[in-house]
Amino acid sequence: MIIVAGGAKTLASPRNDFEQEFILEQVRLSIRLHQTKRVLVMSHSDCATYGGLAHFNGDRDAEAEHHRAELLRARDLLNASFENIAVEPYFVKFDGVWRVNEADHQQSTAATAAARKLA
């Protein structure tokens, strides 16, 4: 498990090349040492690295849309960098964990329920 504060942001919109390369190297090592085939990329609501919910003027929809775009960029970078891994982006909100899909769709995941799509 690789946990870095602002990890999805570091991949999607890093402050510098070192940050992004650090995360990519950690994934590279995981693949080499543990034959990693699946990567979960997560971000969460009210993340201080993004300026918190206040950065979005308390607008949870605007915040979720921003995180969705960031997570999809992070996914695309990982997919371009590593051919044989599956990348799953997730956004953790106050009301649940959402698997991020393309455009305007999110998929809820719950331990006790099957996944469902939200428009």
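**Close-up views of a predicted model**

**View 1. Met1 is an exposed residue at the start of the chain.** With a relative accessibility of 93%, Met1 counts as exposed, because that label applies to anything over 50%. This is a predicted model, so please read each view here in that light. Met1 sits in the segment that comes before helix 1. Look for Ser30 as well: 29 residues separate it from Met1 in sequence, yet their C-alpha atoms are 8.4 Å apart in space.

**View 2. The largest pocket holds about 710 Å³ of space.** Its lining is made up of 25 residues. To find the centre of the largest pocket, start from Ile2, Ile3, Leu40, Val41 and Met42, the lining residues that lie nearest to it.

**View 3. Strand 1 gives the most to the lining of the largest pocket.** Seven residues of the lining come from this strand. Helix 1 (7-12), helix 2 (17-34) and strand 1 (38-44) each supply at least two. By residue type, the lining divides into 17 nonpolar, seven polar and one charged.

**View 4. Helix 3 covers residues 60-81.** At 1.5 Å a residue, its 22 residues should span 32 Å, and the end C-alpha atoms are 31 Å apart, which agrees. Just at the N-terminal end, Asp59 acts as a cap: one of its side-chain oxygens lies 3.0 Å from the backbone nitrogen of Asp61.

**View 5. Helix 3 has buried residues along its length.** Among them are Ala64, Leu71, Leu72, Ala74 and Leu78. The buried residues also include Glu63, His67, Arg68, Glu70 and Arg75.

How values were computed:
This is a predicted model: local features need pLDDT of at least 70, side-chain atom pairs count only at pLDDT 80 or more; totals for chains, interfaces and linings use all residues. Side-chain values use heavy atoms; hydrogens and water are left out. On a 1 Å grid over the protein atoms alone, a cavity is a set of points where a 1.4 Å probe fits but cannot get out, and a pocket is an open set with protein on both sides within 12 Å along at least five of seven lines; lining residues have an atom within 4 Å of a point. Grid points are joined across faces, edges and corners, and a volume is the space filled by probe spheres set on the points. Helices (H or I, at least four residues) and strands (E, at least two) are DSSP runs, numbered from the N terminus. Ala, Val, Leu, Ile, Met, Phe, Trp, Tyr, Cys and Pro count as nonpolar, Asp, Glu, Lys and Arg as charged, and the others, Gly among them, as polar. Buried means under 20% relative accessible area, exposed over 50%, partly exposed in between (1.4 Å probe, protein chains only). The expected span of a helix is 1.5 Å times one less than its number of residues. A polar contact is a pair of N or O atoms within 3.5 Å; within protein, one must be able to donate a hydrogen and the other to accept it, and residues adjacent in sequence count only if both atoms are side-chain atoms.
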